[in-house]
Number of protein chains: 2
Amino acid sequence: MIRPVPSRRDAIADDLRHQISTGHFKAGERLPSEAQLATRYTVSTPTLRSALALLQGEGLVEKIHGNGNFVRRPLRRITYFGGLAEPTTSTAFPAQLRVTTRTTTIEAHSHLPALLNVPPRSPLTEVLHIAHEGKTPHSLARIYVPGDLTQTDPPPARPSPEQIAVRVADPRPPLAEVQERLSARLPTQEEAAALRITTSLAVLSLTRVTTDATGRVVEAALLVLPGDRADALFTTRLNTEERTPKA
Amino acid sequence: MIRPVPSRRDAIADDLRHQISTGHFKAGERLPSEAQLATRYTVSTPTLRSALALLQGEGLVEKIHGNGNFVRRPLRRITYFGGLAEPTTSTAFPAQLRVTTRTTTIEAHSHLPALLNVPPRSPLTEVLHIAHEGKTPHSLARIYVPGDLTQTDPPPARPSPEQIAVRVADPRPPLAEVQERLSARLPTQEEAAALRITTSLAVLSLTRVTTDATGRVVEAALLVLPGDRADALFTTRLNTEERTPKA
DNA sequence: GAGTGGTCTAGACCACGAG
DNA sequence: TCGTGGTCTAGACCACTCA
């Protein structure tokens with residue numbers, strides 16, 4: 001295959017990674033200062049910092065400005081269950097989840113009209129969720145509901161604690177379809193700040209659009225999950241009556 | 001929210017981004033050399049390079065060592081259709097896809113035994129796919145099939161051109177379940193080299209496990225898709241006969 | 001060989017956090 | 001205030017691409 005030239009940065013990152021995995025540096029511990037590490041490895045500070053940046057991108061190290069570099073505690077994995085696979089979401093979202101919610105009314109703009117299939121500038125209810133597990137941020141969600149739907153429902157439109165894996169309880173026109181689109185990217189600065197991650201740690205970005213039986217979009221949810229601890233799981237069981245392809 | 005301090009890096013990146021989006025720098029064009037850009041923005045080369053690194057991570061710019069920085073041509077989006085939603089995959093994978101395949105026989109190791117539910121060191125057929133669309137790499141797939149299954153099937157186990165969205169044609173024990181797990185991360189150096197992307201461009205990593213009616217794992221596929229042009233789409237339609245939760 | 005990006009240095013100065 | 005990380009400089013030297 002390809003033989004990447006071993007750079008000092010990679011060598012240092014490998015060494016630190018190894019020391020972390022063998023418990024030489026323990027979880028939660030503060031690493032020696034960058035100046036000390038630079039001396040130890042006989043490199044300049046920028047070089048050492050770029051090695052640390054690799055570990056940050058892997059979620060192994062958290063930098064705290066003015067304080068130090070810390071070995072991250074192993075984080076509980078987040079699993080987003082897609083589709084309708086899991087009626088019980090409680091296993092995935094232990095009760096310790098603390099969710100901050102902010103609801104506002106906005107006008108549909110940029111990509112939202114197309115997403116929700118509503119005219120531009122039509123009223124939408126925006127629900128912003130930030131979930132924390134203990135002290136560490138967990139996930140970020142923006143949920144949009146057409147304005148006229150929220151007038152019949154109570155304001156926040158959806159129960160909150162299970163904010164991500166929300167299932168609609170008792171919709172008036174029955175739901176017909178859930179479409180989930182996932183992509184991988186680096187977070188925006190705002191997202192990185194809210195999730196307390198680096199902008200160099202990838203996030204799983206998920207857009208979920210729920211449509212009711214009349215073909216109307218009932219809800220659009222934009223989720224951002226930190227890539228070092230989250231994944232999304234989709235389970236498809238084939239019906240016993242075989243689907244004929246090209247129906 | 002948060003007021004990120006405007007750094008020179010960000011300012012330069014914003015400016016270049018703007019010049020690219022307004023067509024001042026056109027697709028495929030080579031940017032001025034880093035030295036020239038550094039002079040123009042009156043910054044040092046490391047600073048300028050860190051600005052370019054941001055654009056690389058967004059897939060806007062491709063660096064070619066010894067040649068220059070190039071504005072990337074807008075790439076055709078890749079959509080991976082999850083589940084069994086799309087019987088016709090041809091729309092997603094135009095015929096221009098050229099797939100390189102390498103088939104080897106290996107012994108199950110590390111995470112593979114658990115994934116395929118086979119004993120460690122049992123024989124597996126590994127199929128490595130690299131898909132190209134024109135000259136640009138497109139996707140990377142490693143497919144594992146238990147060794148005793150490949151003896152009845154013809155060697156590559158699966159038709160190749162639609163390598164990613166392969167559907168099994170005529171399985172002896174009928175298939176029962178497809179489980180797809182997605183995560184976002186940065187690519188390994190090998191993956192980045194194969195896909196010709198930076199290690200700072202996030203990838204969508206997908207693990208698909210197919211099980212037949214006897215509960216046996218028939219195939220495990222590990223897919224890596226570049227985050228700047230790929231997403232995965234899952235569509236779940238509710239059966240007309242309503243599912244009762246907690247079945 | 002000329003020109004490009006890749007890596008690295010040895011500092012300087014600023015911004016933040018804790019005592 | 002002190003020690004930490006954050007940003008940046010001005011240049012050196014190497015590796016690669018192309019003619």
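**Close-up views of a predicted protein–DNA model**

**View 1. Asn67(B) and the backbone of DNA strand D.** An N or O atom in the side chain of Asn67(B) is 3.4 Å from a phosphate oxygen of DNA strand D, a polar contact (a pair of N or O atoms within 3.5 Å). This is a predicted model in which local features need pLDDT of at least 70 and side-chain atom pairs count only at pLDDT 80 or more, while totals for chains, interfaces and linings use all residues. Residues are numbered from 1 along each chain as its sequence is written, chains are lettered from A and ligands numbered from 1 in the order in which they are written, and side-chain values use heavy atoms, with hydrogens and water left out.

**View 2. Chain A at the phosphates of DNA strand D.** The side chain of Arg49(A) places an N or O atom 2.4 Å from a phosphate oxygen of DNA strand D. For Asn69(A), a polar side-chain atom lies 3.0 Å from a phosphate oxygen of this strand.

**View 3. The residues around DNA strand D.** Among the 23 residues near this strand (a heavy atom within 4 Å of it), Arg49(A), Arg8(B), Ser44(B), Thr47(B) and His65(B) come nearest. Sugar and phosphate make up 70% of the atoms of DNA strand D within 4 Å of the protein. The surface near the strand comprises four nonpolar, 14 polar and five charged residues (nonpolar: Ala, Val, Leu, Ile, Met, Phe, Trp, Tyr, Cys and Pro; charged: Asp, Glu, Lys and Arg; polar: the others, Gly among them).

**View 4. α3(B) beside DNA strand D.** With three residues, α3(B) gives the most to the surface near DNA strand D (helices are DSSP runs of H or I, at least four residues, numbered from the N terminus).

Definitions and conventions. A polar contact is a pair of N or O atoms within 3.5 Å; within protein, one must be able to donate a hydrogen and the other to accept it, and residues adjacent in sequence count only if both atoms are side-chain atoms. Helices (H or I, at least four residues) and strands (E, at least two) are DSSP runs, numbered from the N terminus.
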